[in-house]
Amino acid sequence: MPAPASTEFQVSSPQVLPFIHPLDDFYAQARLPLPLIERVPGQDVPQPYRRLLVHEEDMTPTLEAFYGQSVHLHVLRRQQRGDYYFREVVLVLEDDATPVEFGAIKINLSLLSPSVRRGILEEHLPLGHILADCSVTHHCHPKAYLRVQTDSFIQGALRLSSTRWLYGRRNTLVNAQESSLAEVVEILPPTPQTD
């Protein structure tokens with residue numbers, strides 16, 4: 001049976017697309033058109049992106065293992081709506097602040113303890129670090145793998161000098177009761193092995 005064809009979306013005005021939420025929410029608020037996005041099967045994601053994205057693990061430890069150093073959080077935009085905390089971020093390497101992920105996340109604070117909420121709102125550590133440090137039982141459930149043509153916003157966030165095709169995923173983090181702790185879109189820049 002042939003692999004399903006990728007689905008391409010060219011959006012000329014802001015709209016909500018469930019498989020890229022909450023990234024679509026940030027674009028809608030900024031009144032920006034979404035970049036060109038394709039939903040692709042996991043087996044069609046090329047290496048080393050496939051190794052970094054097509055799994056059910058947190059991205060923070062995955063990136064730290066790949067690059068051999070810690071990553072830190074740089075928040076671009078944030079917003080809190082009731083119990084939901086939204087932020088757009090760049091994860092950067094500890095040694096030289098090289099960007100290794102652009103992401104948009106929606107976190108359900110009501111499902112987390114006060115200490116975990118405090119750690120999230122302090123905006124020092126990536127969510128994966130906080131959940132691990134606080135021993136929060138959770139699982140990752142990737143919902144879609146993405147091929148994204150960068151726009152000027154993503155290029156600026158990842159310090160890219162030109163338009164590139166990048167890969168990412170839409171992931172849901174669920175707790176032991178299978179309730180959604182967070183919805184996240186994770187987009188990776190070119191790695192040293194893909195340049």
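Select strand β4, residues 84-93, where nine of the 10 residues are buried; keep in mind throughout the tour that this is a predicted model. With β4 highlighted, add strand β3, residues 71-81, and you will see the two strands running antiparallel, joined by 10 bridges. To fix the register of this pairing by eye, pick Gln-79, which stands opposite Phe-86 in β4. Then move to the turn of this hairpin, which has two residues between the strands, and select Gly-82, whose phi is positive and near 60°.

Next, turn to the other partner of the pairings described here and select strand β5, residues 99-108, which runs antiparallel to β4 and is joined to it by nine bridges. Here the pair to pick out is Tyr-85 and Ile-107, since Tyr-85 stands opposite Ile-107 in β5. The hairpin of β4 and β5 has five residues between the strands, and within this hairpin Ala-97 takes a positive phi near 60°. While the strands are on screen, it may help to recall that in a regular strand the side chains alternate between the two faces of the sheet.

Now leave these hairpins and select Glu-186, which is placed in strand β8, residues 180-188. Is Glu-186 buried or exposed? Its relative accessible area is 5%, and Glu-186 therefore counts as buried, the cut-off being under 20%. Show the side chain of Arg-169 as well, because the side chain of Glu-186 makes a polar contact with it at 2.7 Å, a distance within the 3.5 Å limit for such a contact. If you then display the surroundings, leaving aside residues up to four places away in sequence, Glu-186 touches Leu-53, Met-59, Glu-101, Phe-102, Tyr-167, Gly-168, Arg-169 and Asn-171. From that group choose Gly-168, which is 18 residues from Glu-186 in sequence, although the two C-alpha atoms are 5.2 Å apart in space.

For the last stop, select Asp-151, in the loop between β6 (138-149) and α6 (152-158). Which side chain of opposite charge is nearest to Asp-151? That side chain belongs to Arg-77, at 8.1 Å, and Asp-151, although buried, has no salt bridge. Draw instead a distance from the side chain of Asp-151 to the backbone nitrogen of Ile-154, which the side chain reaches at 2.9 Å. To finish, display Tyr-27, Pro-33 and Pro-35, which Asp-151 touches when residues up to four places away in sequence are not counted.

Conventions: Residues numbered from 1 in each chain as written. Predicted model: local features only at pLDDT ≥ 70, side-chain atom pairs only at ≥ 80, totals over all residues. Heavy atoms only, no water. Helix = DSSP H or I, 4+ residues; strand = E, 2+ residues; numbered from the N terminus. Buried < 20%, exposed > 50% of the residue type's maximum accessible area, 1.4 Å probe, protein only. Contact = heavy atoms within 4.5 Å. Polar contact = N/O pair within 3.5 Å; in protein donor to acceptor, adjacent residues only side chain to side chain. Lys, Arg positive; Asp, Glu negative; His and termini not counted. Salt bridge = Lys/Arg side-chain N within 4 Å of Asp/Glu carboxyl O. Pairing = 2+ DSSP bridges.
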